[in-house]
Amino acid sequence: MYAIIESCGKQYKVAEGDVVFFEKLDVEEGKKVTFDKVILVSDEGKVQIGTPYVKGVKVEGKVVSHGKGKKIIVFKMKAKKNYRRTQGHRQPYTKVEITGIKTAAKKAEKATEKVEA
């Protein structure tokens, strides 16, 4: 089972157990985070596509850490004008481990199991 979610203006393909690097999220380390903007869910060949989002589906994860990415160098130059500028940039990120994909069908299955037991 996998899902495509939208977060930070980008789309990510996630599955349970994946570790994903998102742009900096305002959540503390060790806390749970829920993504409710789910664009697509695929479960054993059954695909649900949202318009724009799939209703009743959430992706849950746990924040593992925060950090900064690899440094990139930005260099500007104008030929023959003695203009040179060098600048570095490190993009902050949040490392999230996906703990589960919750769908409405799974909730209904769990409810029937509790009634039968």
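Of the 117 residues in this protein chain, 25% count as buried. Keep in mind as you look around that this is a predicted model. The chain is mostly a story of strands: its secondary structure comes to one helix and 10 strands. If you read along the sequence, the pattern is β-β-β-β-β-β-β-β-β-β-α, with the helix coming after the strands. Contacts across the sequence matter for the picture too. Among contacts with a separation of 6 or more, 62% are between residues 24 or more positions apart.

Let's start with strand β5, which covers residues 38-43. This strand is mostly covered, with five of its six residues buried. On one hand, β5 pairs with strand β1 (residues 2-7): the two run antiparallel and are joined by four bridges. If you want a spot to find that pairing on screen, go to A3, whose bridge partner in β5 is V41. On the other hand, β5 also pairs with strand β6 (residues 46-49), again antiparallel and again through four bridges. Here the place to look is D43, which stands opposite K46 in β6.

How many residues lie between β5 and β6 in their hairpin? There are two residues between these strands, and E44 in the turn has a positive phi of about 55°.

While you're in β5, take a look at S42, which is found in this strand. Is S42 buried or exposed? Its relative accessible area is 10%, and since buried means under 20%, S42 counts as buried. Leaving out residues up to four places away in sequence, S42 touches M1, Y2 and V47. Of these, Y2 falls within the range of β1 (residues 2-7), and V47 falls within that of β6 (residues 46-49).

Now move over to the open sheet. Four strands make it up, in the order β3-β10-β7-β4, and the pairing is antiparallel. The edge strands are β3 (19-23) and β4 (32-35), each of which pairs on one side only. From one strand to the next, the twist averages 40°. At the β4 edge, four bridges join β4 to strand β7 (residues 58-68), and these two run antiparallel. To find your way into that pairing, pick K32, whose bridge partner in β7 is K62.

Next, the aromatic rings. A pair of aromatic rings is described by the distance of the centres and the angle of the planes. The count for this model comes to three aromatic pairs. One of them is Y12 with F22, an edge-to-face pair at 4.6 Å centre to centre, with 65° between the planes. These two residues come from distant parts of the chain, with Y12 in strand β2 and F22 in strand β3, 10 residues apart. Both Y12 and F22 are buried. F22 also pairs with F35, this time stacked, at 4.9 Å centre to centre and 25° between the planes. F22 lies in strand β3 and F35 in strand β4, so this pair ties together parts that are 13 residues apart in sequence.

How buried are the two phenylalanines? F22 has 1% relative accessibility, so it counts as buried. F35 counts as buried as well, at 6% relative accessibility. Put together, the ring pairs link Y12, F22 and F35 into a cluster.

Charged side chains come last. How many salt bridges does a search of the whole structure find? The search finds one, and it is made by the side chains of E23 and K10, at 2.9 Å from N to O. This pair also links distant parts of the chain: E23 sits in strand β3 and K10 in strand β2 (residues 10-15), 13 residues apart. E23 is partly exposed, with a relative accessible area of 27%, and K10 is partly exposed too, at 40%.

Two further lysines are worth finding, each placed over a tyrosine ring. K13 lies over the face of Y2, at 4.4 Å from the ring centre. The charged end of K78 sits over the ring of Y83, 5.4 Å from its centre.

Conventions. Residues are numbered from 1 along each chain as its sequence is written. This is a predicted model: local features need pLDDT of at least 70, side-chain atom pairs count only at pLDDT 80 or more; totals for chains, interfaces and linings use all residues. Side-chain values use heavy atoms; hydrogens and water are left out. Buried means under 20% relative accessible area, exposed over 50%, partly exposed in between (1.4 Å probe, protein chains only). Two strands pair if DSSP finds at least two bridges between them. Axes are lines fitted to C-alpha atoms, for helices over the stretch in contact, and angles run from 0 to 180 degrees between N-to-C directions. A salt bridge is a side-chain nitrogen of Lys or Arg within 4 Å of a carboxyl oxygen of Asp or Glu. Rings of Phe, Tyr and Trp (its six-membered ring) pair if their centres lie within 6.5 Å; planes under 30 degrees apart count as stacked, over 60 as edge-to-face and the rest as tilted. A charge sits over a ring if NZ of Lys or CZ of Arg is within 6 Å of the ring centre and within 35 degrees of the ring normal. Contact means heavy atoms within 4.5 Å.
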